[in-house]
Amino acid sequence: IETMLSVPWEEMSEDSTDLDRAQEILDEDHYGMEKVKERVLEYLAARAMSGKKDAAILCLVGPPGTGKTSIAKSIARATNKKYVRLSLGGVRDESEIRGHRKTYVGAMPGRIVDALRKVKVRNPLMLLDEIDKTGKDQRGDTASALLEVLDPEQNENFTDHYLEVALNLSDVLFIATANDLSTIPRPLLDRMEIIEVTSYTENEKYHIANDYLVKKQMEANGLDDTQIHWKEDALRFLITDYTREAGVRNLERRIGQVSRKVTRDIYQKKHRKVTITKKVIKDYLGRPVYEWEKDTLRDHVGIVHGLAWTAVGGVTLKIEVNVMPGKGAIQVTGSLGNVMKESAQAAISYIRSQSRKYKIKQDFFEKHDIHIHIPEGAVPKDGPSAGITMATAILSAVTNRAVRPDVAMTGEITLRGRVLAIGGLKEKLLAAKAAGVSLVFVPADNRADYEELTDEVTTGLCVRFVTHMREVIKEVFEA
């Protein structure tokens, strides 16, 4: 009875539909993120005009540290809703969502009802954090239980097993966050509108650090503007040489480290003001963590730069191929998944089929062994987008011709040499820029993705759109 009485059956907070104020709040709290902000303002406009609740469930997807949880807080502030967060990471029991039946010892309502009791209104903003990390076991499937919660057709009559009375969830604004869509079951994904929160460019990281993170860490460590001053080149040096991530969480930790050392200097050594320069950062944090490899931009035979997308942003892969006298064995190493191994087989088959064109002896592949290796062997890698990179590296090693050093590429290859589309283009181009590459080969099918990118991402890169492997080969062996 106490639980029934504590559920907000009718209590509602008054939502704000002032778009100008909402835009001000979103711009004040977050730098960039134009697509996310635009979608939130569309949601508010539609609700103000029609008076109906928007049925769409927003799902913010992106690498860790890109501000997914904090944008949900800003949306709550902009819409004047109460904010409540449900962390779903590692939840395996369906009863966590639907509640336990009263017949069990220790039975209690599910997390949804619990959250509503906590905020005391029936129309809060409910953040379903880490929705991609739910699991299933013998006690049921959490994702399937969430289908009822997130389906606007069903959630007007959501029944918690503990309450056993229909509860209307249609007034709740649900926002979900995830790092990786591939682990979310298809029916659940179908009920959500996906908004990508992509990796930040170096310039965006600088603005976020300068406008938000530095002030936040100054407050946390008892400092003010008269005691610490960050020089612009020092902050940019911290971003490029001490962090390499898609988001800004690690960057915030580094700024916190520097701030704590300044606090100690002022408190213990009686310094009046510390100006943060590159030299001061080196003194405080030691030598840079990410010093660029100096030999990466030299031309080598059998070494080509590939581009890969990971859950924490884009990375460059150096694909190496060696050819040795042998009996035609093919070895692929570097902790590769099945898809990538098959991609390597397709690349070899294509090069073999083109032997005559590239003046490779007919019996070459029978008398030689080929070893393909991708360094950082402890890091698992998978996906088809290294296909054209592997084909280029194999041709380079077999014909003993060096590949242009300033080139990186991404694209899936077919047995006929066609280049197919890839995902994560923005992250891959940012990784290419960070590695000092100037020419990038991208599948022609990704042209639309490229046109959506800002100048900040594309400036300084020459991007070539290719449909066939021969277009790549023609250019990379010119130098």
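**Reasoning through a predicted model**

Me: Why does Lys 270 count as exposed?
Reply: Its relative accessibility is 64%. The cut-off for exposed is over 50%, so Lys 270 counts as exposed. Please keep in mind that the model is predicted.

Me: Where does Lys 270 lie, and what makes its phi stand out?
Reply: Lys 270 is found in the loop between H11 and S11. Most residues other than glycine have a negative phi. Lys 270 is not a glycine, yet its phi is positive, at about 60 degrees.

Me: How do you know whether Lys 359 is buried or exposed?
Reply: Buried would need under 20% relative accessible area, and exposed needs over 50%. Lys 359 has 79%, so it is exposed. Lys 359 sits in the loop between helix H13 (338-353) and helix H14 (364-367). Its phi is positive too, at about 55 degrees, although Lys 359 is not a glycine.

Me: Let's turn to helices. Why is H10 called oblique to H12?
Reply: Two packed helices are described by the angle between their axes and the distance between the axes. Here the axes of helix H10 (residues 232-242) and helix H12 (residues 278-285) come within 8 Å and cross at roughly 45 degrees. Roughly parallel would call for an angle under 35 degrees, and roughly perpendicular for 65 to 115. The crossing fits neither, so H10 is oblique to H12.

Me: Which residues make that contact, and how do they divide into nonpolar, polar and charged?
Reply: H10 brings Asp 233, Ala 234, Phe 237, Leu 238 and Tyr 242, while H12 brings Lys 278, Ile 281, Lys 282 and Leu 285. Six of the contact residues are nonpolar, none is polar and three are charged.

Me: Which residues of H10 are buried, and what do they pack against?
Reply: The buried ones are Ala 234, Leu 235, Phe 237, Leu 238, Ile 239, Asp 241 and Tyr 242. They pack against H12 and also against helix H9 (202-220), strand S10 (228-230), helix H11 (249-268) and strand S11 (274-276).

Me: On to the sheets. What makes S2 and S9 the edge strands of the five-stranded sheet?
Reply: This open sheet has the order S2-S3-S8-S1-S9, with parallel pairing. Strand S2 (83-87) and strand S9 (192-196) each pair on one side only.

Me: How do you know that S2 and S3 pair?
Reply: Pairing takes at least two bridges. S2 and strand S3 (residues 125-129) run parallel and are joined by five bridges, so they pair. Leu 86 stands opposite Leu 128 in S3. Helix H4 (residues 68-79) packs on this sheet, where it touches S1, S2, S3 and S8.

Me: What is the strand order of the seven-stranded sheet, and what kind of pairing does it have?
Reply: The order is S14-S15-S13-S12-S16-S19-S20 in an open sheet, and the pairing is mixed. Its edge strands are S14 and strand S20 (462-466). S15 shows the mixture nicely. Strand S13 (residues 313-325) runs antiparallel to strand S15 (residues 368-373), with six bridges between them. Strand S14 (residues 330-333), in contrast, pairs with S15 in the parallel sense over four bridges.

Me: Which residues in S15 are the bridge partners of Val 323, Ile 330 and Thr 333?
Reply: Val 323 has Ile 370 as its partner, and Ile 330 is likewise bridged to Ile 370. For Thr 333 the partner is His 373.

Definitions and conventions
Residues numbered from 1 in each chain as written. Predicted model: local features only at pLDDT ≥ 70, side-chain atom pairs only at ≥ 80, totals over all residues. Heavy atoms only, no water. Helix = DSSP H or I, 4+ residues; strand = E, 2+ residues; numbered from the N terminus. Axes fitted to C-alpha atoms, helices over the stretch in contact; angles between N-to-C directions. Parallel < 35°, antiparallel > 145°, perpendicular 65-115°, else oblique. Contact = heavy atoms within 4.5 Å. Nonpolar A, V, L, I, M, F, W, Y, C, P; charged D, E, K, R; others polar. Buried < 20%, exposed > 50% of the residue type's maximum accessible area, 1.4 Å probe, protein only.
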